[in-house]
Amino acid sequence: MTRAHTEDTNLSRDFRLLWTASAADSLGTQTSGVVLPLLLLAAGHSATVAGAVVSVSLLAGLLAGPFAAVLADRGGRRTVMTWSALTAGAAMAVVALLAVSARPPLGALLAAVTAERVATSAFAAAAQGCVAALVPPAAYPRAVSRLQAGEQGALVAGPVLGGLLFQAARWLPFLADALTYLVAVLCVRSIRGDLSPGAAREPGRRGVGAVFADLRDGLRFVRGESFLRGVLWWMTGVNGVLAALYYGAVFALERQGAGTAAIGTVLAVSGAAGVVGALLAPRLAARIPAARLAVLVSWAVVLVALGLTAATGPWSYGLLFAVVSLLVPTLAVLLAAQAIAVTPAAFQSRVGTVLNTVSGVAATAAPLAAGALVALAGTTGLALAGAGMMALVAVYASRVVAPGLRAAAARPPGAAASPAGREAAP
């Protein structure tokens, strides 16, 4: 065993610190993110401006993540995580100060929010490589399950906390977010294990050109590893479809006269189901082969999308999204754990960030696509389109993802693919 790979499969103190840092980061982001549009609206800006601020910051974060992953895989994971969390905390402290004013300047808000989103993306990119450094291969599913459950829990608790704090004072949610980043910094600095990839750097690679070269290496590795290609396209399809269906449900509930409390309940129920699904993943994996689970989950989402065509109220939407949120994180945990297992240490941050960035782009574009489809064909048309797209994803899962899972599972534990000598991508 090397570095912090312990003698058993128990999750270590260092991993618990990593989990706490990740959960604090997620909770703070959800706490402030849900009320940021409210702050902009209260300051007299239009909904279009509020949406543009959120979209610009999210896009900046997506673009920054891969470059942060390169620095992390060069041996700077702890450094990147520390400075990213400090930067994000400072940015949120600025937003909190600006929120004290009745009409904070839009340019300053945009700059601070974008800085926070870029820093948070960099933190997440560096954290991608830490599971393999702190956990033995046999415990990857448990570790990813805990991390996923923490993120899902933040999706439930963050909006509630943000709403309560915003009612007390507009600046409080942003101050709370800033404090969570300090918690993340303390946790990261307290990890004793070596977070570096443990691989020698290629001589002569320096400067900006070397960063782009390393980024291309990460992309080539994903493209050259058939299992990772399968995970990439599955994640992209599922994230895009589900994000569109979520927004379609919000549009439908609003048209049916449901209030924000009802919509919040739907999101809370689905988030709670996501926590359960993430925690159940290792147990299900022990009973159902991951390849079979990939097919079952994918086709189940098709049925749920079809069920949305007949949904008529908050409880029916809540039940259907609870089923999705229970199933999808379960499979996502197993795919992420296997992706860690087949990826060399020196590529962990880049590979994880490539997977998340590409699928994140699909999720970011989903609201626009959902709005256009609802305008053209109504919410029923959106649900049917989502079912059709998900059926294609399910076929892909049957023909590509499931065989890839069987092949990956046949490898010895911890046997990562070699960056050289992989199969040629078609």
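## Close-up views of a helical chain

**View A. Tyr-246 is partly exposed, with a relative accessible area of 23%.** This view, like the others, comes from a predicted model. The partner to look for is Phe-321, and together Tyr-246 and Phe-321 form a stacked aromatic pair. Their ring centres lie 4.4 Å from each other, and the two planes make an angle of 20°. Why does this pair count as stacked? Because planes under 30 degrees apart are given that name, and the angle here is 20°. The pair brings together distant parts of the chain: Tyr-246 sits in helix α9 (residues 226–255) and Phe-321 in helix α12 (residues 314–342), with their positions 75 residues apart in sequence. Phe-321 is buried, at a relative accessible area of 2%, whereas Tyr-246 is partly exposed at 23%. How many aromatic pairs does a search of the whole structure find? The search finds two.

**View B. Arg-350 lies over the face of the Phe-347 ring.** Start at the ring of Phe-347 and find its centre: Arg-350 is placed 4.4 Å from that point.

**View C. Helix α1 packs against helix α6.** Two packed helices are described by the angle between their axes and by the distance between those axes. Helix α1 covers residues 13–33 and helix α6 covers residues 140–168. Their axes come within 7 Å and cross at roughly 30°. Is the crossing left-handed or right-handed? It is right-handed. The residues of this contact are 11 nonpolar, seven polar and two charged.

**View D. Gly-240, in helix α9, is a buried glycine.** Its relative accessible area is 15%, so Gly-240 counts as buried, a word used for values under 20%. Which residues does Gly-240 touch, leaving aside those up to four places away in sequence? They are Ala-362, Ala-363 and Ala-366. Thr-364 is worth finding too: it is 124 residues from Gly-240 along the chain, yet the C-alpha atoms of the two are separated by 7.9 Å.

**View E. Thr-120 is a buried residue of helix α4.** Helix α4 spans residues 106–127, and Thr-120 within it has a relative accessible area of 6%. Not counting residues up to four places away in sequence, Thr-120 touches Asp-25, Thr-29, Ala-88 and Tyr-181.

**View F. Ala-93 and Pro-197 each have a partner from another part of the sequence.** Ala-93 belongs to helix α3 (residues 47–99) and is partly exposed, at 29% relative accessibility. From Ala-93 to Trp-171 is 78 residues in sequence and 9.1 Å in space, C-alpha to C-alpha. Pro-197 is in the loop between α7 (172–190) and α8 (207–224). Is Pro-197 buried or exposed? Pro-197 is buried, with a relative accessible area of 6%. Its C-alpha atom is 7.3 Å from that of Arg-74, a residue 123 places away in sequence.

**View G. Stepping back, the protein chain has 13 helices and zero strands.** Follow the chain from its N terminus and you meet one α element after another. Buried residues make up 52% of its 426 residues. Among contacts between residues at least 6 apart in sequence, 89% join residues at least 24 apart. The Gly-240 contacts with Ala-362, Ala-363 and Ala-366 in View D are a good place to see what a contact looks like.

Notes: Residues are numbered from 1 along each chain as its sequence is written. This is a predicted model: local features need pLDDT of at least 70, side-chain atom pairs count only at pLDDT 80 or more; totals for chains, interfaces and linings use all residues. Side-chain values use heavy atoms; hydrogens and water are left out. Axes are lines fitted to C-alpha atoms, for helices over the stretch in contact, and angles run from 0 to 180 degrees between N-to-C directions. Helices (H or I, at least four residues) and strands (E, at least two) are DSSP runs, numbered from the N terminus. A crossing is left-handed if the near helix is turned anticlockwise from the far one by less than a right angle, and right-handed if clockwise. Ala, Val, Leu, Ile, Met, Phe, Trp, Tyr, Cys and Pro count as nonpolar, Asp, Glu, Lys and Arg as charged, and the others, Gly among them, as polar. Rings of Phe, Tyr and Trp (its six-membered ring) pair if their centres lie within 6.5 Å; planes under 30 degrees apart count as stacked, over 60 as edge-to-face and the rest as tilted. Buried means under 20% relative accessible area, exposed over 50%, partly exposed in between (1.4 Å probe, protein chains only). A charge sits over a ring if NZ of Lys or CZ of Arg is within 6 Å of the ring centre and within 35 degrees of the ring normal. Contact means heavy atoms within 4.5 Å.
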